[in-house]
Amino acid sequence: MDTRSKAEELARRPYLIMTSVEETTDDQPIYFSRVLEMDGCFGQGATRDEAIADLQSAMVDFVESLLEDGLPVPEPTKVNSTLGTSNQGVFTFVAQGKRFQKQNENYQDDYVLLAQSS
């Protein structure tokens, strides 16, 4: 198996993903996502789904670079299944939030942890 394929396989493991919404310098909302087990691995997008998709691509690149450098790939955190599941096997936990308001629009800043299984 080549390094890229191995990285893609490892990146599909159920890592904890945290998303949040911030404001850009021109006061527009932007979503960020990061992997709690991979310091420095993050994604961003106009929506939470876009940020997570960007992160999933970044995870493959991140893991591939670890493999190429002979460094260990972090193991996913064990998630207590009592958090709940959906039919896609996704755990969601909302930890805190704050509201942004811009031009009569509300944006919820949620810190959401996701553990996704393939």
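**Close-up views of a predicted model**

**View 1. Strands β2 and β3 pair in the antiparallel sense, over four bridges.** The coordinates are a predicted model. Strand β2 covers residues 29–35, and β3 covers 42–45. Within this pairing, Y31 has G45 of β3 as its bridge partner. Six residues lie between the two strands of the hairpin. One of the residues to look for here is G40, which takes a positive phi near 95°.

**View 2. Side chains alternate along β3.** G43 and G45 point to one face, where they are buried. F42 and Q44 point to the other face and are not buried. G45 is also the β3 residue that bridges to Y31.

**View 3. Strand β1 runs antiparallel to β2.** β1 spans residues 16–23 and is joined to β2 by seven bridges. T19 stands opposite S33 of β2. The hairpin of β1 and β2 has five residues between its strands. There, D27 takes a positive phi near 65°. β2 thus appears in two hairpins: one with β1, the other with β3.

**View 4. E37 sits in the loop between β2 and β3.** Is E37 part of a salt bridge, or without one? E37 has no salt bridge, yet is buried. The nearest side chain of opposite charge belongs to R34, 8.5 Å away. A salt bridge would need a nitrogen-to-oxygen distance within 4 Å.

**View 5. Polar partners of E37 include L16 and T77.** The E37 side chain reaches the backbone nitrogen of L16 at 3.1 Å. A second polar contact, side chain to side chain, joins E37 and T77 at 2.8 Å. L16 falls within β1, which covers residues 16–23.

**View 6. Residues around E37 come from two stretches of the sequence.** Leaving out residues up to four places away in sequence, E37 touches Y15 and L16. E37 also touches P74, E75, P76 and T77. Of these, L16 offers its backbone nitrogen to the E37 side chain, and T77 its side chain.

**View 7. The whole protein holds two helices and five strands.** Along the sequence the order is α-β-β-β-α-β-β. Of the 118 residues, 33% are buried. Among contacts between residues at least 6 apart in sequence, 46% join residues at least 24 apart. The protein exposes about 7300 Å². Carbon and sulfur atoms supply 47% of that area.

Notes: Residues numbered from 1 in each chain as written. Predicted model: local features only at pLDDT ≥ 70, side-chain atom pairs only at ≥ 80, totals over all residues. Heavy atoms only, no water. Buried < 20%, exposed > 50% of the residue type's maximum accessible area, 1.4 Å probe, protein only. Lys, Arg positive; Asp, Glu negative; His and termini not counted. Polar contact = N/O pair within 3.5 Å; in protein donor to acceptor, adjacent residues only side chain to side chain. Contact = heavy atoms within 4.5 Å. Pairing = 2+ DSSP bridges. Areas by Shrake-Rupley, 256 points an atom, 1.4 Å probe, with all protein chains shown as cover.
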